[in-house]
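Me: Please take a close look at one part of this predicted model. I would like the backbone, the helix packing and the cysteines gone through in turn.

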Amino acid sequence: MKKDHNYFMKKAFEEANYAFYKDEVPVGCVIVYESEIISKSSNMVELLNDSTAHAELIAITSAQNFLNTKNLNKCILYCTLEPCLMCYGAIYWSKIDTIVYAASDKKRGFSSYNLEIDREIKTISGIMESESKDLLDKFFKKIRD
């Protein structure tokens, strides 16, 4: 099986589905190093009663532990929703090179801010966008009914 952006986003989407069934906002994340997944997570805000327990932060900590370093400069982060400003800060500080996300978050996503940082973080968006949006819409409809 070819391990491309779609392959890894499908793995992040599996994490988002897990979050959905745990009544968490359905966001999933995987971190890839040398074409292998080294960490994965879903949102755990409700489970941990912790507003910082976003999928990206948990996956970053796990990847740093796996590689035994704080620097993830050869890693790619795949996320089903555009990272928020808090998560983008963690991505920046952990030195992740590339972010690939599915759905944009016009309200809380990092791209809605005019950020000037001292290094380039490659960003790719729109991989499995409709699937991610559909899952988020389904979740918010479920909690409102």
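Reply: Ser35 sits in the loop that joins strand 1 (28–33) to strand 2 (36–42). In this predicted model, the phi of Ser35 is near 65 degrees, a positive value in a residue that is not glycine. Most residues other than glycine have a negative phi. The side of Ser35 open to solvent can be put as a number: its relative accessible area is 43%, so Ser35 is partly exposed.

Lys95 is another non-glycine residue with a positive phi, about 70 degrees. Lys95 lies in the loop between helix 4 and strand 4 (98–103). The relative accessibility of Lys95 is 36%, and Lys95 therefore counts as partly exposed.

The helix that comes before the loop of Lys95 is helix 4, and helix 4 (residues 85–93) packs with helix 3 (residues 55–67). The angle between the two is about 20 degrees, and their axes are 9 Å apart. Angles under 35 degrees count as roughly parallel, so helix 3 and helix 4 are roughly parallel to each other. Their crossing is left-handed.

On the helix 3 side, the contact is made by Glu56, Leu57 and Ile60. On the helix 4 side, Met86, Cys87, Ala90 and Ile91 meet them. By type, the residues of this contact divide into six nonpolar, no polar and one charged. Glu counts as charged, and Glu56 is among the helix 3 residues in the contact.

Cys87, one of the helix 4 residues in that contact, leads to the cysteines. A disulfide needs a pair of cysteine sulfur atoms within 2.5 Å, and by this rule the count comes to zero disulfides. Cys29 is in no disulfide, with the nearest cysteine sulfur, that of Cys79, 4.8 Å away. For Cys87, the closest cysteine sulfur belongs to Cys84, at 3.7 Å, which is too far for a bond.

Both of these cysteines can also be placed by accessibility. Cys29 has a relative accessible area of 0% and is therefore buried. Cys87 likewise has a relative accessible area of 0%, so Cys87 is buried. The cut-off behind that word is a relative accessible area under 20%.

Definitions and conventions
Residues are numbered from 1 along each chain as its sequence is written. This is a predicted model: local features need pLDDT of at least 70, side-chain atom pairs count only at pLDDT 80 or more; totals for chains, interfaces and linings use all residues. Side-chain values use heavy atoms; hydrogens and water are left out. Axes are lines fitted to C-alpha atoms, for helices over the stretch in contact, and angles run from 0 to 180 degrees between N-to-C directions. Angles under 35 degrees count as roughly parallel, over 145 as roughly antiparallel, 65 to 115 as roughly perpendicular and the rest as oblique. A crossing is left-handed if the near helix is turned anticlockwise from the far one by less than a right angle, and right-handed if clockwise. Contact means heavy atoms within 4.5 Å. Buried means under 20% relative accessible area, exposed over 50%, partly exposed in between (1.4 Å probe, protein chains only).
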